[in-house]
Amino acid sequence: MPAVEVDHLVVRYGSLVAVDGVSFDADAGEVVALLGPNGAGKTTTVETLEGFRRADAGAVRVLGLDPWSDHTKLTARIGVLLQRGGIYPVMNAERAVRLFATYYEDPRDPDELIDLVRLRPVARTPYKRLSGGEQQRLALALALVGKPRVAFLDEPTAGVDPAGRIAVRDVVAGLRSDGVCVILTSHELDEVQRLADRVIIVDHGRVVAAGRQGEIQGDSQELRFAAEPGLAIGELSARLGAAVTEEQPGEYLVSTPPVPALVAELAVWLAERDLPLGDLRAGRQRLEDVFLRLTGSGVAEPTSRACDGASSAPRRGNRKGRARR
Amino acid sequence: MNLRALRAQVAAETRMTLERGETLLVTLGIPIVLLVFFTLVPVLPTGTHHRVDFLAPGVLALAVMSTAMVSLGIATAFERSYGVLKRLGATPLGRPVLLTAKIVSVMVVEIIQVALLVGVALALGWRPHPAAGLAVIAVLLATIAFAGIGLAMAGALRAEVTLAVANGVYVILLLIGGVLFPLHELGGLASFARLLPTAALSDALHLTLGAGSSAPAQAWIVLALWAVAAPTVAAFSFKWE
């Protein structure tokens, strides 16, 4: 039995569909990241798993329990880090961890936990006077104090300084080796690349890609280059025998394996027109490129998305509405 | 019920309440100042020969209102806006234990208030009737009623609005609650004021602590109705995030 099961989950806020048929599983000892732009439905998905919201359609199970109807039973076995806040502003780390420890039958040692998240030097500083990263690490400690079997970490590295990120990374690695299932959300690609075993890219409430990082990037090979905007890409495509698209003004993608002959041909074509080459990159797609392509978070609308460009305009509006919630 | 968690939560809630300066001003500072000032300075129509005999029960009613409604309401409203209530909802603490902890914590603070205020009043020459059992029941009913009002505000309004409304209601009920001068001085407003919990509590305390008799039936009915209605409204309207 997977630790977390999400099956065609739909969550609505009034007429707004925040999560639109998301499905995925996660096992014990696995770190799964939900990656997507703001308003993609990541937090809503996680909050449904935590039992804060009810599924409008589809089903979610955490450790075999329904998070909504078995909420009380489940709270003893999950750890939760909210996107922000959640802690008494006047309470210091030491008192907060000790207080939360009393909620659980067999808690972790509070002092050990404070050392683990590296808060010892500020253990007696009230929450409201901690830095953003320290606040996030205290929230992380509180998520772990009950020895959870599943940990939900909503944006665990948002606003966290580099030292804090290392602490978070160590903690997540420790959870993985203890067999804890970790579900985290992020909109930062670098962090996801470091933390997660598997990535689920979500946009507009739907899963647009999922898999281990290598799988998501796929085997597709490509060539990217930068030159002046507005090249005659039709002519260049014919010359190279491969589709060329101008993804953003002055940034071009050649969707074909970048064999040396192709690179040479491109160079010759540019040389004939006396056009300088700004940048040249060949090989497998970067996760960032996959993400930007799938979620359309780039500045300009790529030509390759022209087919769904018509539907993306009103959805943008939705996304703003969601952010206001 | 997890008793260890309940004890820890009561201790945490009480400590945070007693460490909040602005709360202490409303729960202890203002009642003590009013009691001492108007006992020593004869400007109010308190209606009795010994002013403290009228002022002490009224100020006790004010103290109950300040803790159970103002302090609890404002603190809970800010906990809601900081996401604390939401976060606690994801722990095994549970809402019944959290609510119990808050009520017990209110009662602990009330005991401290009563001890201080009674001490000051006795020093000012107050001689309450020794049979005060009914006064304790009146205070318990009023605590439930005021806590219901405070939580109803906290669960429905923004924290800043709760802060303003709770303090505003505090001042109005201070003026028309039989705290500083007798209700009959209010003229036509008196019959309306008697429908509110503060006047009902001060009525009950004046009679039980003053004469050792019970309060008029109306005061008990008003207190009981508020003690049922306010928590019911709070329970149905409370939004946890």
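This is a short tour of chain B and of the place where chain B meets chain A.

The model is predicted, so local features need pLDDT of at least 70 and side-chain atom pairs count only at pLDDT 80 or more, while totals for chains, interfaces and linings use all residues. Residues are numbered from 1 along each chain as its sequence is written, chains are lettered from A in the order in which they are written, and side-chain values use heavy atoms, leaving out hydrogens and water.

Start by selecting chain B and colouring by secondary structure. You will find 10 helices and zero strands (helices are DSSP runs of H or I, at least four residues; strands are runs of E, at least two). Of its 241 residues, 51% are buried, meaning under 20% relative accessible area with a 1.4 Å probe, protein chains only. The C-alpha atoms of chain B fill a box of roughly 55 × 35 × 30 Å along the principal axes.

Next, show chain A too. Here 23 residues of chain B are in contact with 25 residues of chain A, contact being heavy atoms within 4.5 Å.

Now zoom in on B:K86 and A:E47. They form a salt bridge, with the closest N and O atoms 2.5 Å apart; the term means a side-chain nitrogen of Lys or Arg within 4 Å of a carboxyl oxygen of Asp or Glu. The rule finds one such bridge across this interface.

Finally, select α1 (3-19) and α4 (84-88) of chain B: each supplies at least two residues of the side that touches chain A. Which helix gives the largest share of that side? It is α1(B), with nine residues.

How values were computed:
Buried < 20%, exposed > 50% of the residue type's maximum accessible area, 1.4 Å probe, protein only.
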